[in-house]
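User: Please take me through this structure by question and answer. Keep it brisk.

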Amino acid sequence: MATHREVGVGDFVLLDKIDLDHFMKNLEMRFRNGYIYTYIGEVCVSVNPYRMMNIYDKDHVHQYKDRELFENPPHIFAIADASHKVMRQQRRDTCIVISGESGSGKTEASKIIMKYIAEVTNQGGRSEIERVKNVLIQSNDVLEAFGNAKTNRNDNSSRFGKYMDIHFDFKGDPIGGHINKYLLEKSRVIYQQEGERNFHCFYQLLMGSPDELLKRLSLTRSPDNYFFVKQGRSANVDSVNDRMDFKKVENSLKSLQFSKEEIDSLWRVVGAIMHLGNVEFSTDEDKVVIPDSRLMNTIANLLKVTREELTEALCERVIAAHGDVMRKEHTKTEALYGRDALAKAIYDRLFTWIVDRINSAIAVTDTGYNKKYDSSLIGVLDIYGFEIFDNNSFEQFCINYCNEKLQQLFIELVLKQEQEEYTREGIEWQNIEFFNNKIICDLVEAPHKGIIAILDEACLNVGKVTDEMLLEAMDEKLKGHKHYTSRQLKSTDKDLRHKVDFKITHYAGNVVYYINGFMDKNKDSLFQDFKRLLYKSSDANISKMWPEGAQHITEVTKRPLTAGTLFKNSMSELVKNLQNKEPHYVRCIKPNEIKSPSNFDFERVKHQVSYLGLVENVRVRRAGFAYRQRYDRFLKRYKMISPSTWPSFRNGSDRDGTKQIMDEYRFADDVKYGHKKIFIRSPKTLFALENKRNERMFYVVTVIQKSWRGYKARQEYKRMKAAFAIMNYYRCYKMRSYIDKLETKFRSAKQMKDYGKSIKWPAPPLPLRKTVHTLRKMFNYWRAYMILRKIPKKEWPQLKLKITAASILNKKRVSFGLERKWEGNYLSQPSENTSYSIYNESVNNLRNTQHFKEVLFSSFVTKFNKFNKCAERVLLVTDKCIFKLDKDRFKNMKEGVELSAVTGISVSAGPDQLVVIHCAGGNDLVVSLHSTRGEDKIGELIALLFNKYADIKGELQVNISKVLMCSLGGKRRQISIQVSSEIKSATFRKDGANIIYNLPPDHAILENGNSHIKDY
Ligand SMILES: Nc1ncnc2c1ncn2[C@@H]1O[C@H](COP(=O)(O)OP(=O)(O)O)[C@@H](O)[C@H]1O
Ligand SMILES: [Mg+2]
């Protein structure tokens, strides 16, 4: 709890002795020391300081934000915060009822509350909320300009009642609102008592508007020129700056989104009313006429109606009787009455129109941003205060009745219901007496016998009933009522004049009302002619204010409700509305009549304290309880602070659970248990509970978050699983349909000549790319099989060799003997070798000594050696080694060359039979193959070596070029091929360091008459 210096006691409940004297002493002491706020529990008593107080700045806002009432010195901010907190935390609608007599500071209080709410909300800075806040605050300037006036009690007296609902979203930020206005005191438009003024806007227009506007409205700056604004003879008020206020209002109108045209209409209407006040009537041969036709012109121009029609409407009226339409000229009195009624009505409609425009700017609409969340609201009621003037008329009667109703509401909610509740709940209770003003409310509003009912009856009467007759009727019916009297009923009461006055003993004092005008004001009638006139205005805004002017003259309309009944109904609706909300009260007190910051008029204040029932309030409060709640709700709110009640209490009733919590925290002394509710005496206990709850909320939030996250994750997982299942199905479907497609495409492949080679494969779906690769391989195998199956199996090895040869030599060498049968071991056959049997025998012997398995290739060759000598030999290629045999006895000449020692093979691109087998060790085998039939054996030899080599070592390098390189005796030598007609068979010769391979012409190609080896 914060400590703060306190003067007297900050809460009257803490007074040692509770009586009026002690109450007054505390209040006066605090006022004199600059402490204008004091609590009675949660009710804030505010004394008008009549000076600027330095307690409403941002620091103070910060000090009170989100704090409990008793943590800080009493302040109206704390009430605003409490109301906002209840609304936010419990999602309950709340209201702040500000009451007190005229000039006690209600309107200021309501503005302070609004500013506080604006300061503490919209931390997120959302622009829409900023706009709503602006409208809520700026609407005040406009409403005060048109609805407030200087009275003898208050320089800025509200002459209308205002109830403002502010809607909040779940974060507690204002998202819109609605203003209800109650009975504007429109008689002020045409008449002001001595010392009073008309509504501020008239003077603001005259003093503050630019010359141009004034000229356009045909006005001068002197209020004395206008009858409607000069009667009180106090156009200048020290505390009011009309010029500045005009600017303020203009600015506010703009930010409230009034268009230029609307602002123009508005000031024209105000100007027209001032001119209308100067209209005078005279009679010409018994006919009412208006001598000043220029003035009529001006007014007609301002209202955008024709001068003729305006004049007609002021001087006569149209009557419809039995379908006939007639004109009836006014008497001078009627004309004056009509003029005044017109002025009042125009102003009243203008005011209603302004309020409607403001409301539409902040309406909480069904669509869009505002309706996204359920809203809760705070209602702020600032209504005209109780007032007594020298001359009190119908308006004061209504205003004071309104205050009776509010006092009644306070009694109902704070004094009566509270006490009744204790009894009902079986809580021990000493009843506290208080004055219940219900009897006065009944005096005014009771059906049939209340003043409003009597007034209505008089107005209903077709015959001519005068105000005097009305008073007689009231005297007759209310005779003997404790709170009503008149001179006729009590001749000793010299305050009252005969036949014109009656007196009501209000809760706040005696008020003498002057009956004259009651009937007219209650009827509130306006000649239909005016409604039609203004409906026809070419100014759309003005026309809109008079919708019923559209009715035809002969149309019969229902008699409208009287002003009194309308007001009574609106009050009962207001009370009903407030009853549904959690109320907070600000009770305003006026310290003196002279607007002095230092004067504390003890008797005046005492009077207010008494009639407001504040001492009784303290008594009820002190004996009572700060907080009560139904057991179920209490448990729901606090169950998380005890392990025995969290997450749910199972050992008994809600009441037992509640008790469990309170015992556990040792609050038993501060509570009483009613039948259905728990009652907690001090706010501190409640605060402690709330604190605990806040601490535990972190845990609760974590639990909720945990479960929620778990739930979300599980949902997500399920969705993912589902997604995968769908993906899987889809993928299978895609694959299946791809395979189906392939199937149809390749259905006839078998019958095709190329076995489907020309069929274009459709693009596979992504996941099938690899599979398609395999499928293609399979297809190729199948195709190969289909092609090969026509060839006998024993030819397949030879075919394989030919394919190898083709893949190496195709398009690189002229020919390689594809067209003939490849025999391999040629020398084993008599066609190639006459000594074949010696050969076979010798090879067999060789096989036995060298351990090879088979002979792959054999041929006669011409060999060239490192000594540049040619020799005729046999080349024998086995699965292990390459041997050179002598050509007669077929004996091995040297050690064979291991196949694995071969490093490459070179051949030319031509049809010759030159072949270089490169060996590791620098001695290559350079030979030219022989063939008895001139066959090309190069392809066969290469394929054989290549395939074998692949089996034992890897890929054998094959070079095909015009000039071959070889190593002989470790020397690199070049072999070039030459065609020569002198030789019969291919041979080698030395050419310097190089070698020439000489070919007979039949191994060459003829081109352009030259024979040469063709490049490939
Ligand atoms: N809290 C306050 N601080 C300073 N002056 C105030 C305060 N409350 C009221 N007043 C003064 O008292 C005047 C009348 O207050 P107002 O709120 O208009 O009374 P009400 O609405 O009750 O008739 C204000 O114009 C202002 O000068
Ligand atoms: Mg006011």
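Analyst: This is a predicted model. A nitrogen atom of ligand 1 sits 3.1 Å from an N or O atom in the side chain of tyrosine 56.

User: Which side chain places an N or O atom 2.8 Å from an oxygen atom of ligand 1?
Analyst: The cut-off for a polar contact is 3.5 Å between N or O atoms. A polar side-chain atom of threonine 107 lies 2.7 Å from an oxygen atom of ligand 1. The 2.8 Å pair, again with a ligand oxygen, belongs to asparagine 154.

User: How much of the accessible area of ligand 1 does the protein cover?
Analyst: On its own, ligand 1 has 560 Å² of accessible area. The share covered by the protein is 85%.

User: How does the shell around ligand 1 divide into nonpolar, polar and charged residues?
Analyst: The shell counts 16 residues. Asn48, Gly103, Lys106, Thr107 and Glu108 are the closest. The division is four nonpolar, eight polar and four charged.

User: Which residue in the loop between strand S2 and helix H2 has a positive phi?
Analyst: Most residues other than glycine have a negative phi. The loop in question runs between S2 (43-47) and H2 (58-64). The residue there is not a glycine, yet its phi is about 50°. It is tyrosine 50.

User: In the hairpin of S6 and S7, which residue takes a positive phi?
Analyst: S6 (residues 161-168) and S7 (residues 174-182) pair in the antiparallel sense over eight bridges. Methionine 164 stands opposite isoleucine 179 in S7. Five residues lie between the strands, and phi is near 90° at one residue of the hairpin. That residue is glycine 172.

User: Which strands are the edges of the open sheet S13-S14-S15?
Analyst: This sheet has three strands with antiparallel pairing. An edge strand here pairs on one side only. The edges are S13 (484-486) and S15 (509-514).

User: What is the average twist from one strand to the next in the S13-S14-S15 sheet?
Analyst: S14 (residues 501-506) pairs with S15 over six bridges, in the antiparallel sense. Isoleucine 504 has valine 511 in S15 as its bridge partner. From one strand to the next, the twist averages 25°.

User: Which helix packs on that sheet, touching S13 and S14?
Analyst: The helix spans residues 467-478. Its direction makes about 130° with that of S13. It is H17.

User: What is the average twist in the open sheet S17-S19-S18?
Analyst: Three strands form this sheet, and the pairing is antiparallel. S17 (627-630) and S18 (671-673) are the edge strands. The twist from one strand to the next averages 15°.

User: In S19, which residue is the bridge partner of arginine 630?
Analyst: S17 and S19 (residues 677-680) run antiparallel. Four bridges join them. Arginine 630 has as its partner lysine 677.

User: What angle does the direction of helix H25 make with that of S18?
Analyst: Helix H24 (residues 631-638) lies across S17, S18 and S19, at about 100° to S17. Helix H25 (residues 654-664) packs on the sheet and touches S18 and S19. Its angle with S18 is about 165°.

User: Which two residues does the cis peptide bond join?
Analyst: Most peptide bonds are trans. Here omega is about 0°. Proline 647 lies in the loop between H24 and H25. The bond joins tryptophan 646 and proline 647.

Technical notes: Residues are numbered from 1 along each chain as its sequence is written. Chains are lettered from A and ligands numbered from 1 in the order in which they are written. This is a predicted model: local features need pLDDT of at least 70, side-chain atom pairs count only at pLDDT 80 or more; totals for chains, interfaces and linings use all residues. Side-chain values use heavy atoms; hydrogens and water are left out. Two strands pair if DSSP finds at least two bridges between them. Helices (H or I, at least four residues) and strands (E, at least two) are DSSP runs, numbered from the N terminus. A residue is near a molecule or strand if one of its heavy atoms lies within 4 Å of it. A polar contact is a pair of N or O atoms within 3.5 Å; within protein, one must be able to donate a hydrogen and the other to accept it, and residues adjacent in sequence count only if both atoms are side-chain atoms. Accessible areas come from the Shrake-Rupley method with a 1.4 Å probe; for residues, only the protein chains shown count as cover. Ala, Val, Leu, Ile, Met, Phe, Trp, Tyr, Cys and Pro count as nonpolar, Asp, Glu, Lys and Arg as charged, and the others, Gly among them, as polar. Axes are lines fitted to C-alpha atoms, for helices over the stretch in contact, and angles run from 0 to 180 degrees between N-to-C directions. Contact means heavy atoms within 4.5 Å.
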